[in-house]
Protein chains: 2
Amino acid sequence: MLSQLNHDHALRGMEPPDSTLRSLLTHVRPCALSFYPPNATIYAQGEPVGPLYLVEFGTVRICRLTADGRRQISAFQSKGDVLGFEPGHEREYSAECVDRVGIRLLRPASGRFLDADLLAIAHRTLAEAQRHMTVLGLMRASERLAAFLLDLHERQDAGGFIDLPMQRNDIADHLCLTIETVSRALRTLKDAGVIRLPGVSQIEVMDVAGLQHFTRSVA
Amino acid sequence: MLSQLNHDHALRGMEPPDSTLRSLLTHVRPCALSFYPPNATIYAQGEPVGPLYLVEFGTVRICRLTADGRRQISAFQSKGDVLGFEPGHEREYSAECVDRVGIRLLRPASGRFLDADLLAIAHRTLAEAQRHMTVLGLMRASERLAAFLLDLHERQDAGGFIDLPMQRNDIADHLCLTIETVSRALRTLKDAGVIRLPGVSQIEVMDVAGLQHFTRSVA
DNA sequence: CGACCAATTGAATTGATTCAAGGTCCGTGG
DNA sequence: CCACGGACCTTGAATCAATTCAATTGGTCG
């Protein structure tokens, strides 16, 4: 299972010809694959920051509960993503499984991770956070959803069909909307003809350019 | 001028006993201080990513223009902050001077920066981005403003008086609101008695706990 | 088939934006 | 020294987008 990580298809498309994972894996002892059921917690907000993990399959939500009980999902991580990198000593976010998930502990060959490897991971995490900052700050409901679907679309390149492992609940907390608004935004995109909804957790992208047009800004 | 950077007061309060700057400065050749007038551009969106800078005085806005002409300010940087760290090869953000600004180029003693130093800067930048993600995602107008003021308050510890070097325009684009809404949110906080407004660019914090209560969530 | 949970839809409400006036501050020039 | 102009800020009224509340539909598993 790990061997396939050295192939390109295990690394999702990224703009700079970065090689986070490839490099990382040369300095890391591969650990056994662990399986987690849906809604299992990999690590929790408030814990001391611990090891890094590599997602082998399934989807993980990185989320955070506020003092008054609301939830924000900063990202979804899936196959090939590295999990668990955080600034500070205490976890600000939890990592929870959306569906059935397989992850590997990443244990550095020498006692500590190489700063170069951590830096590469930090770069990627930062880029994601900044992108999401723009989504939340500048886009309205259907634009956020369009951006989200485009993101999934290019990650899981499955011939125009997107699989939504997470439920509306999770999408809403990721885009900082309500589930009702997510539902209506989906309908807006459907009515505009850019997507179809063959099933509750499946989306067919009919018109990628049209979807991109919906996002209008992130550029 | 640079010597004072080795003193604590040049480093603003941070949660983990991090020592970004102290460590950084031991591996860096101090360069001459440059002065920029208000609205000058230090670097621009679209340029290749270049060197790092250290802010000595003044305030810099890190901002980004979208394809359709809107602007988002991801952060304001002031004395002691390091400027110019970005993932990727091309700048996603510009750095522009809010007021009169003094910065120093940070040039590594050896050819490249130490990964450890870059990692420390990345940590801080990421923490800021994540915090702002929460502000934009979970808070409404007066809560965002309260969070913003609290941030300024603890940076520039000047006995309850906050100086606002940037104009409403900039605050609005940072909090992703309109200037009118910023104005009304200020009024809300004033009417609640947690701040006073002695002048347009000066704020007196009357009740820190009250301000924190306004943010209610970020925890 | 019925029960339960997730998702959708509709109607009323809230919060922020837009549009349109005023107001304040400050520098310049009479 | 005061009047004027312009930039910035504040305030008000109307509009719009998203949320809330409530009901209904759809899907899945006993």
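How many residues does the contact take from chain A and from chain B? It takes 35 residues from chain A and 35 residues from chain B. The structure here is a predicted model.

**The two chains together**

Start with the side of chain A that touches chain B. Two elements of chain A, β5 (71-77) and α2 (115-138), each supply at least two of its residues. The largest share comes from α2(A), with 18 residues. By class, this side of chain A has 16 nonpolar, twelve polar and seven charged residues.

Now relate the copies. Two copies of a chain are related by a rotation about an axis and a shift along it. Here a rotation of 180° with 0.0 Å of shift along its axis superposes chain A on chain B, with an RMSD of 0.0 Å. That is the relation of a two-fold axis. The same surface serves both copies, as 100% of the contact residues of chain A recur in chain B.

**Two domains in chain A**

The domain assignment splits chain A into domain 1 (3-136) and domain 2 (140-215). Taken over C-alpha atoms, the centres of these two domains of chain A are separated by 23 Å. The domains of chain A also touch: 14 residues of domain 1 are in contact with ten residues of domain 2. On the domain 1 side, β4 (60-65), β5 and α2 of chain A each give two or more residues. The largest share of that side is four residues, from β5(A). So what classes of residue make up the side of domain 1 of chain A that touches domain 2 of chain A? That side has six nonpolar, four polar and four charged residues.

The table sets out the residue classes of three surfaces.

| Surface | Nonpolar | Polar | Charged |
|---|---|---|---|
| Side of chain A that touches chain B | 16 residues | twelve residues | seven residues |
| Side of domain 1 of chain A that touches domain 2 of chain A | six residues | four residues | four residues |
| Surface near DNA strand C | six residues | five residues | six residues |

**Around DNA strand C**

DNA strand C is surrounded by 17 residues. The closest are A:Q167, A:S183, B:R140, B:A141 and B:T181. Three helices each supply at least two residues of the surface near DNA strand C: α4 (168-175) and α5 (179-191) of chain A, and α5 (179-191) of chain B. Which helix gives the most to this surface? It is α5(A), with six residues.

**Helix α4 of chain A**

Helix α4(A) is one of the suppliers of the surface near DNA strand C. Is α4(A) mostly covered or mostly uncovered? It is mostly covered, with six of its eight residues buried. Those buried residues are A:D170, A:I171, A:A172, A:D173, A:H174 and A:L175. Their cover includes β4, β5, α3 (141-155) and α5 of chain A. After α4(A) comes A:C176, whose phi is positive, near 55°.

**A sheet in chain B**

Strands of a sheet pair through backbone hydrogen bonds, either parallel or antiparallel. Chain B has an open sheet of four strands in the order β1-β8-β3-β6, with antiparallel pairing. Why is one side of β1 (28-36) and of β6 (82-83) of chain B left without a neighbour in the sheet? These strands stand at the edges, and each has a single partner strand. Next, take one pair. Five bridges join β3 (residues 52-57) of chain B to β8 (residues 101-108) of chain B, and the two run antiparallel. Within β8(B), B:L106 is the bridge partner of B:L52.

Technical notes: Residues numbered from 1 in each chain as written. Chains lettered and ligands numbered in written order. Predicted model: local features only at pLDDT ≥ 70, side-chain atom pairs only at ≥ 80, totals over all residues. Contact = placed C-beta atoms within 7 Å. Nonpolar A, V, L, I, M, F, W, Y, C, P; charged D, E, K, R; others polar. Domains from an automatic or database assignment. Pairing = 2+ DSSP bridges. Near = placed C-beta within 6 Å. Buried ≥ 20, exposed ≤ 12 C-beta atoms within 10 Å, placed from the backbone. Least-squares fit on C-alpha atoms with pLDDT ≥ 70 in both.
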